[in-house]
Amino acid sequence: MSLLIKQGNIVTASENYTADIYCEDEQITRIGKNLDAPPHATVIDATGKYVFPGFIDPHVHVYLPFMGTYAKDTYETASRAALVGGTTTLIEMICQATSEQPWRDGFELWKGKADGKSACDYTFHQGVTRLDQETAPQIEEIVKQGVASFKIFLAYKGAFNISDEELYQTMALAKRLGVIVTAHCENAELVFEMQKKLLGEGKTGPEWHYWSRPPRTQAEGVHHLATFAEAHGTHVYVVHTSCREAFETGMAAAARGVNLKMETLIQYLVLDDSYTQLPNFEGAKFIMSPPLPTKENQDVFWNALRNRWVATVATDHAPFDFQGQKEMGRDDFTKIPNGIPSLEDRVNLLYTHGVATGRIDLNTFVDAASTQAAKLFGMFPRKGAIALGSDADLVVYDPNYRGVISAKTQLINVDYSAFEGWEIKGRPSAVTVRGELAAQDGKFVGTIGRGQFIKREPTHF
Ligand code: URP
Ligand code: ZN
Ligand code: ZN
């Protein structure tokens, strides 16, 4: 398999230059001027276009039993959509809800959903929703199989959330194994009590979701995580940071020496809580946790991104249909399945609202949407880089494309788009996974089942 990409404006997290890229046997083997290729090679003319390293989404749910239902995508639908949108590697969360299930069965279950069905590369964060003498050795075994990160929930009382004793022991185990702990930071008890209070007052609509988990709830979660991480020197990563209060708490922890990184989501950069107030229950489409923030928070996060204080922009893709699924919470906002699907649109929205508006530069765009995830989660420079020996995961990006997002044309398997009718400025014109063309001008042209499980070594000692 030979691939030559000619005359692209190559952009990495730290460099911009014009050159050709030649790929052989799934890897980048030459970068230079006027490269030639054998007659059988696929040749892509990238004149006037950018060439980015394949984008990485470090927070995705594909198989997700959650809130009495299941997320809608399969690896076939999700990976097609990811690739058309420029994401060549995704990291899914293994979220076991039932404590009885043997842990290694959970890993096999999630991996079985992806193996032979994914068109893009993938790996997992191992959910630690229970930690005791039975699960700890099994989790250690899963780490040895190449899953070098954990996912914990300080939220979702009665489902995924762990006790402080388990939190303390998880931090100790992670430190010993050298894995980073990704964490959903909201105080579960506080949310539970506020939900009860609001429902008791007859406040049942989607617009009350925000008030059941206001900013301090998240800031408390970040402070809690940082305090426990500090006790063991564990490396931690706050997923879906959405508000100034949580961000400042994370920055304060990092400033005093806690090894803490933060993720935000594309939804928080472009949507705000006013969408949850849409009439006729339309607001349910915009329910996720932590909730969409008030609009002034967007400036905080664009600024944080520009300064690279926030490491990554992910999606927390969690697709639930409006009809039949979001509707489960018509009379009670606590029953609306949480999630705003965006796997397909993340890169184009970040480019459109970040780069094209001048809020962030191209290198920061690549850093936040690709390179940082590769570095933090043990895949760099195999992924997240354009360098000799890196996987030939490349995105040829056309900044002059103009188009509109719509549920009618999207590839994710869900019946609405939170970005319906929004204009995008730019999109991938060619996407390759380890040297093979997988998407072209909005169409999937890859191979279902070619996606590989990316084994990762612990790097966070
Ligand atoms: O609303 C969200 N975030 N849904 C997915 C589950 C989670 O918290 O990551
Ligand atoms: Zn979460
Ligand atoms: Zn999530």
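Me: How do the residues that line the largest cavity divide into nonpolar, polar and charged?

Reply: Rolling a probe the size of a water molecule over the atoms shows where empty space is left. In this predicted model, the lining of the largest cavity consists of seven nonpolar, seven polar and two charged residues. That cavity has a volume of about 110 Å³, and 16 residues line it, of which His61, Phe66, Tyr156, Asp316 and Asn338 are the closest to its centre.

Me: How many cavities of 30 Å³ or more does the structure hold, and what lines the second largest cavity?

Reply: There are three cavities of 30 Å³ or more, and the second largest of them encloses about 50 Å³ of space. Its lining includes Tyr210, Arg213, Gln218, Cys243 and Asn297, together with the prolines Pro214, Pro215, Pro290, Pro291 and Pro293. By class, the lining of this second largest cavity comprises seven nonpolar, four polar and one charged residues.

Me: Which histidines coordinate the zinc ion (ligand 2), and why is the arrangement around this ion irregular?

Reply: His184, through ND1, and His240, through NE2, coordinate the zinc ion (ligand 2) at 2.1 Å. The arrangement is irregular because the four donor atoms subtend angles of 55 to 147°, whereas a tetrahedral assignment would need all angles between 85 and 135 degrees. The zinc ion (ligand 3) is 3.8 Å from the zinc ion (ligand 2).

Me: Where do histidine 184 and histidine 240 lie, and are they buried or exposed?

Reply: Histidine 184 belongs to strand β12 (residues 180–184), while histidine 240 sits in the loop between β13 (236–238) and α8 (244–255), so the pair ties together parts 56 residues apart in sequence. Both histidine 184 and histidine 240 are buried.

Methods:
Residues numbered from 1 in each chain as written. Chains lettered and ligands numbered in written order. Predicted model: local features only at pLDDT ≥ 70, side-chain atom pairs only at ≥ 80, totals over all residues. Heavy atoms only, no water. 1 Å grid on protein atoms, 1.4 Å probe; cavity = no way out; pocket = protein on both sides within 12 Å on 5 of 7 lines; lining within 4 Å. Points joined across faces, edges and corners; volume = space filled by probe spheres on them. Nonpolar A, V, L, I, M, F, W, Y, C, P; charged D, E, K, R; others polar. Donors = N, O, S within 2.8 Å, 3.2 Å for Na, K, Ca; no water. Tetrahedral: all angles 85-135°; square planar, octahedral: opposite > 155°, others 65-115°. Helix = DSSP H or I, 4+ residues; strand = E, 2+ residues; numbered from the N terminus. Buried < 20%, exposed > 50% of the residue type's maximum accessible area, 1.4 Å probe, protein only.
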